[in-house]
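Let's take a friendly walk through this structure, one contact at a time. Keep the 3D view open and turn it as you read.

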Amino acid sequence: MNTSAYLVLLQTFLFSSCMSDVVDEEESNSGKDNSCAIRLRHSGKCEGDECPYQVSLPPMTIQLPKQFQLLEKTLNEVQNLKESINKLKKSCQECKLQADDHQGKDSNEVQVPGSATPTENSRVENNKIQELQTKLNKVSASLKNARNQINDLQSRLEMANLVNMDNVHNYVDSKVSNLTFVVNSLNSKCSSKCPAEGSTLIQLVYRNCADHLKAGKKVNGIYKVTPDLQNNTFEVYCDMETLGGGWTVFQKRQDGSTNFNRTWADYKNGFGNLSNEFWLGNDKIHLLTKKGDMQLRIELEDLKGVKEYAKYKQFYVANEYLKYRLTVGGYDGTAGDALLFNKKYNHDQKFFSTPDKDNDKYPSGNCGAYYSSGWWFDSCMSANLNGKYYHKDYKGVRNGIFWGTWYSVSDAHLNGIRKAFKSVKMMIRPNSFME
């Protein structure tokens, strides 16, 4: 079959399919108006039996399967993910380099037929997001760990009382202490036998009663001490007899002549008579214990004449900024450890409370007001040596002097009778003191 025959067959097909004119190149050049959208024309010279023809088809609309709708949705999701990544890049410097590395590639990606499927693109993007999310989680974990370390350091600083100038004061005190020791030694050696050289006056600094004892003063009584050179000198009562002496007494009860139901200001500054009953004052107790090397001795006697004691190797009272928080530990003695009784009643690390200032752990009221005294209440107490002085055992609210591990407390509790004490004494001395 020759070329003319093929042409006749093709024209017949076109006429039957679109009922339009088929024109050759000569008819097209003649300017004839053609209504058929399908055109057939010569596209070159014939070579033998083969002649090239060009068929022009009309614009076509192809109905794609519904699955292709996922393509647009997937691309939109990818774009949203990219925007999220860009936000993460701003807050995570570590992620920025990797995100920037992928940004150039992502900007040139266009989904076309024959390229990677939407599922594959989504998987790649998900992998990127997961990598960035992993890095972000690591950064968040590091920040959380750093925050925990900061909180731990803050608690340690608070425990060490570094929020004020105590460290600097302690350093200065240690230097002055060494100087005072040397001067005291020279004073004990020279006495009045040393020849006077000029009129130079050396003033000795006594930090506590132990320093007075080292200087040869062995009689109980009132002495002046300067535990901190940055503060004024004040008077204290010194016990120079008990277990070698050198004890600085900061609380004494013996006859009920002094009322201990006092305000915060009273307990801060001190009250009473140093020769009889008194509270030395929380500010002064803080200055005496600020180095943290003091031991506490508590002596109690009940109305039957039974005497017991409790000794603690560690005793420290913080400053007013920290609400005179108590640090106590290392019990030894015969009266029982009432200050660290159990988890519910533990006076260690507790703030000082008074009837007019509630710093205790009791959620339903003020222990200081209920028990009519100032003390390091928990919620509320297993000990309170500043309670009301009773001259005999009593009933009702246990607002008197109380030591929860006293030998007869449990029996008195069953009978509803509250134990009264004849005398109480609280005093401190450096742990370095040699008896």
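A good place to begin is K252, which lies over the face of Y237, at 5.0 Å from the ring centre. Keep in mind that this is a predicted model. A second lysine is placed in a similar setting: the charged end of K217 sits over the ring of Y206, 4.5 Å from its centre.

From here, let's turn to the cysteines. How many disulfides does the structure hold? There are two. One of them joins C209 to C238, with an S to S distance of 1.8 Å. C209 belongs to helix α7 (residues 209-214) and C238 to strand β4 (residues 234-239), so this link ties together parts that are 29 residues apart in sequence. The torsion about the S-S bond of C209 and C238 is about -75 degrees, which means that the disulfide is left-handed. If you look for these cysteines at the surface, note that both C209 and C238 are buried.

The other disulfide joins C367 to C380, again with 1.8 Å from S to S. C367 is found in helix α10 (residues 367-370), while C380 lies in the loop between α10 and β11 (383-384), so the pair ties together parts that are 13 residues apart in sequence. With a torsion of about -80 degrees around the S-S bond, the disulfide of C367 and C380 is left-handed. Both C367 and C380 are buried.

Next come the aromatic rings. The model has 18 aromatic pairs. In one of them, F260 and F271 meet edge-to-face, at 5.1 Å centre to centre and with 75 degrees between the planes. The pair is called edge-to-face because the angle between its planes is over 60 degrees. F260 lies in the loop between β5 (247-253) and α8 (264-269), and F271 in strand β6 (residues 271-272), so the pair ties together parts that are eleven residues apart in sequence. Are these two rings buried or exposed? F260 is buried, with a relative accessible area of 2%, and F271 counts as buried at 7% relative accessibility.

A tilted pair is formed by Y312 and Y331, 5.5 Å centre to centre and with 55 degrees between the planes. Y312 sits in strand β9 (residues 307-317) and Y331 in strand β10 (residues 326-333), so here the parts tied together are 19 residues apart in sequence. The accessibility of these tyrosines is worth a look: Y312 counts as buried at 0% relative accessibility, whereas Y331 is partly exposed, with a relative accessible area of 29%.

F260 and F271 also have company. They belong to one aromatic cluster, whose members include F250, W264, Y267, W279 and F315. Y324, F352, W375 and W376 are in this cluster as well.

The last stop is strand β13 (residues 421-430). Why can β13 be called largely enclosed by the rest of the structure? Nine of its ten residues are buried, so the strand is largely enclosed. Now look at what pairs with β13. Strand β5 runs antiparallel to β13, and five bridges join them. Within this pairing, R253 stands opposite V424 in β13. Strand β8 (residues 294-302) also pairs with β13 in the antiparallel sense, over nine bridges. There, M294 stands opposite P430 in β13.

Key: Residues numbered from 1 in each chain as written. Predicted model: local features only at pLDDT ≥ 70, side-chain atom pairs only at ≥ 80, totals over all residues. Heavy atoms only, no water. Phe/Tyr/Trp six-rings, centres within 6.5 Å; stacked < 30°, edge-to-face > 60°. Helix = DSSP H or I, 4+ residues; strand = E, 2+ residues; numbered from the N terminus. Buried < 20%, exposed > 50% of the residue type's maximum accessible area, 1.4 Å probe, protein only. Lys NZ or Arg CZ within 6 Å of the ring centre and 35° of its normal. Pairing = 2+ DSSP bridges. Disulfide = S-S within 2.5 Å.
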